[in-house]
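Trainee: Before I rely on the labels attached to this model, I would like to go through the reasoning behind them.
Mentor: Then let us look at the structure and take the labels one after another.

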Amino acid sequence: MDILRLDYNYLMAEAVGDDQGIREIDLDFVRKRAGRFARDISRQRKAGELAFLRLPYDRAVQDQVAAVAQTVKARFRNLVVLGIGGSALGTSALQQALHPWVYNVYPQKGCPRLFVLDNIDPRFVADVMEVLDPSETAVCVVSKSGSTTETLAQYMIFKRWVEEVEGRAFKEHFFFITDPEKGPLREIAEKEGYVSFPVPPGVGGRFSVLSAVGLFPAACVGLDIHGICEGAARMDSICRVDSMEENPALLYAALMYLMVIRKKKNIHVLLSYSNRLYGLTDWYRQLLAESLGKRFDLDGKEVHVGPTPIKALGVTDQHSQIQLYVEGPKDKVITFLKVEDHGANLVVPEGVEDHQALKFLEGHSLGEIMEAERVGTEFALKKAGRPSCTITFPRVTPFTVGEYIILKQIAVTVMGRYFKVNPFDQPGVEEGKAAAFALLGREGYEEKRREILEGLEKDLDLRI
Ligand code: PA5
């Protein structure tokens, strides 16, 4: 069994110095709370709350998703996913982690190509529509609320696009994933008779990747969704203990919280030394930002909290970001993602060039060179007193990806408790959504429209 590891040596004061690193006294400061949070979570779990924690065990949904995916595979050459934020990032992350990056050029045998349209940039959307044949394309529309402007606009465009070619048969092309009872997309799914899956009540977008939201597209492209859920279930089972040092989610949450509160590290960099895991850094960026970035705490006090997540790719960003991380402001903590076995062994051959600047590379694999550079970066950061930790994937498999997903979801839930905020809402996003409705003339938003238009006068505008 592949098991993730968390190495946090270089977060500690012994490695990076007393003023930058965590001391025993800091761990004592959070230990009691960590245990309490673990017990709270298990109480909530028993009371049927924290619905995302049930997803890895929902075999019925997984089997249903897999069965419908078979029909998609049999009938379509392309799968287009329409959705945004938590309705898309998990799908992209699973695809990037578990399929080769050239997947759409060489799709898995008997599976469709996958296009996740998580933006409404007209060129981005048109590029895909111009090359796909509607008669060979399934469209999966994902929106928990069923009312997200971007997704609804895309749906209408794609419905017309398919209908023009397929006539009444267009219905067979659409698969909806939305609230089980309410919202415009649920109503449309019922009216049109589309095949649909529910986003379980109580599961918000960024916590939904292990529901049909992420699993249906994943199953369509031939990913092992049961393996993903088994990994998630295993991690969930070890994140139930209330001893901080034995529970990786509790420990990671405590360490990151201490980094903010005691060490003033409000910038949290996720630095993936694997292209395959880079999509998961994107996914985590949203999870952390939307869950913890809050104006008010649970008592209604104005707090303006939330670490800023940054994603970066090793070794690529060693030539872009590391200068800043090593010598810039001391406001960052780095989490490396390391992979032991990348599943490819490319060795620099001998005798290609007889030059001492190249000779030393002979016989080393690219994996070895990458790891040497990761360790080098870790060392440089430590030497400069910059804290870091490393999450190691023995291999990138459905199981380890599932483990990682639930680890981070539980850790963020716990961090919400430290910061005393609700990690499951996103009021700051709602304001922008309402403003867009108003500007686009949606009924009931006339007052908001007036408010926005009054504030739109801008006179500092330089022609460049
Ligand atoms: O995590 C979240 O809740 C959000 O990012 C949503 O996923 C995003 O706003 C899209 O919302 P919906 O799924 O309702 O279309």
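Trainee: Why is H304 called exposed or buried, whichever applies?
Mentor: H304 has a relative accessible area of 55%, and since buried means under 20%, exposed over 50% and partly exposed in between, with a 1.4 Å probe and protein chains only, H304 counts as exposed. This is a predicted model, in which local features need pLDDT of at least 70 and side-chain atom pairs count only at pLDDT 80 or more, while totals for chains, interfaces and linings use all residues. Residues are numbered from 1 along each chain as its sequence is written, and side-chain values use heavy atoms, with hydrogens and water left out.

Trainee: What is notable about the phi of H304, and where is H304 found?
Mentor: Phi of H304 is positive, at about 50°, although H304 is not a glycine, and the residue is found in strand β9, residues 302-305, where a strand is a DSSP run of E with at least two residues and a helix a run of H or I with at least four, both numbered from the N terminus.

Trainee: Why does L50 get its label, buried or exposed?
Mentor: The relative accessible area of L50 is 9%, so L50 is buried. L50 lies in the loop between α2 (24-46) and α3 (59-75), and its phi is near 50°, a positive value in a residue other than glycine.

Trainee: What makes V105 count as exposed?
Mentor: Its relative accessibility is 57%, and V105 therefore counts as exposed. V105 sits in the loop between α4 (89-98) and β3 (113-117), and together with W101, V102 and Y106 it forms a nonpolar surface patch with about 560 Å² of accessible area. Such patches take residues with over 30% relative accessible area and no salt bridge, joining nonpolar side chains (Val, Leu, Ile, Met, Phe, Trp, Tyr) within 5 Å and like charges within 9 Å; a salt bridge is a side-chain nitrogen of Lys or Arg within 4 Å of a carboxyl oxygen of Asp or Glu, and accessible areas come from the Shrake-Rupley method with a 1.4 Å probe, only the protein chains shown counting as cover for residues.

Trainee: How do you know that S143 makes a polar contact with the ligand?
Mentor: An N or O atom in the side chain of S143 is 2.6 Å from an oxygen atom of the ligand, and a polar contact is a pair of N or O atoms within 3.5 Å; within protein, one must be able to donate a hydrogen and the other to accept it, and residues adjacent in sequence count only if both atoms are side-chain atoms.
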